[in-house]
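Let's take a walk through this structure together, starting from one residue and working outwards. Have the model open so you can follow along.

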Amino acid sequence: MSRRTELRLGREIQEQYDRGASWAAIIVDFDMPKYKVQRLARIYREDCERKAHQNQLTLFK
């Protein structure tokens with residue numbers, strides 16, 4: 001799976017989770033094992049945090 005696909009799926013998974021969906025419901029929706037669904041969401045969150053940190057650094061330059 002490409003990095004872009006991982007981030008896209010991770011965003012979709014994280015959005016569902018943020019709206020209150022349970023991991024069990026998300027697993028069914030995406031037809032993936034729990035570890036993979038949670039890993040994709042984590043990859044997306046980490047990418048968002050990295051981008052936010054980069055944006056903060058540019059503000060202070």
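Start at Asp31, which counts as exposed because its relative accessibility is 70%, and the cut-off for exposed is over 50%. You'll find Asp31 in the loop between α2 and α3. Have a look at its backbone too: phi of Asp31 is near 50°, a positive value in a residue that isn't glycine. Keep in mind that this is a predicted model.

Now zoom out to the whole chain. There are 3 helices and 0 strands, so in the α-α-α order that runs from the N terminus, by the helix and strand assignment used here, you can tick them off as you go. Helix α1 covers residues 3-18, while α2 spans 23-30 and α3 spans 34-59.

How does the overall shape compare with a compact globule of 61 residues? Such a globule would have a radius of gyration near 10 Å, but this chain has 13 Å. Along the principal axes, the C-alpha atoms fill a box of roughly 45 × 25 × 15 Å. Buried residues make up 26% of the 61 residues. As for the surface, the chain exposes about 4600 Å², with carbon and sulfur atoms supplying 51% of it. On the charge side, there are 13 positive and 9 negative side chains, and the centres of those two sets lie 5 Å apart.

Next, the inside. Which residues form the largest nonpolar core? It has 9 of them: Leu9, Ile13, Trp23, Ile26, Phe30, Met32, Val37, Leu40 and Ala41. Helices α1, α2 and α3 each supply at least two residues of this core. Pick out Ala41 from that set: leaving aside residues up to four places away in sequence, Ala41 touches Gly10, Ile13, Gln14 and Trp23.

One of those partners makes a good next stop. Gln14 sits in helix α1. Is Gln14 buried or exposed? Gln14 is buried, because its relative accessible area is 8% and the limit for buried is under 20%. Beyond its sequence neighbours up to four places away, Gln14 touches Ala41, Tyr44 and Arg45.

Tyr44 also turns up among the contacts of another α1 residue, Leu7. Leu7 is found in helix α1 and, at 19% relative accessibility, counts as buried. Once residues up to four places away in sequence are set aside, Leu7 touches Ile43, Tyr44 and Asp47. Lys36 makes a handy reference point here: Leu7 and Lys36 are 29 residues apart in sequence and 13 Å apart in space, C-alpha to C-alpha.

Follow the Leu7 contact across to Ile43, which is in helix α3. Ile43 is buried as well, with a relative accessible area of 10%. Where does Ile43 reach, apart from residues up to four places away in sequence? Ile43 touches Arg3, Glu6 and Leu7. Its Arg3 partner is 40 residues away in sequence, yet the two C-alpha atoms are 9.3 Å apart in space.

Contacts that span long stretches of sequence show up in the chain-wide count too. Among contacts with a separation of 6 or more, 51% are between residues 24 or more positions apart.

Note on methods: Residues are numbered from 1 along each chain as its sequence is written. This is a predicted model: local features need pLDDT of at least 70, side-chain atom pairs count only at pLDDT 80 or more; totals for chains, interfaces and linings use all residues. Side-chain values use heavy atoms; hydrogens and water are left out. Helices (H or I, at least four residues) and strands (E, at least two) are DSSP runs, numbered from the N terminus. Buried means under 20% relative accessible area, exposed over 50%, partly exposed in between (1.4 Å probe, protein chains only). Contact means heavy atoms within 4.5 Å. A nonpolar core is a set of buried Ala, Val, Leu, Ile, Met, Phe, Trp, Tyr and Cys residues joined through side-chain atoms within 4.5 Å. The radius of gyration is taken over C-alpha atoms; the globule rule is 2.2 Å times the number of residues to the power 0.38. Accessible areas come from the Shrake-Rupley method with a 1.4 Å probe; for residues, only the protein chains shown count as cover. Lys and Arg count as positive and Asp and Glu as negative; His and the chain ends are not counted. The place of a charge is taken as NZ of Lys, CZ of Arg, CG of Asp or CD of Glu.
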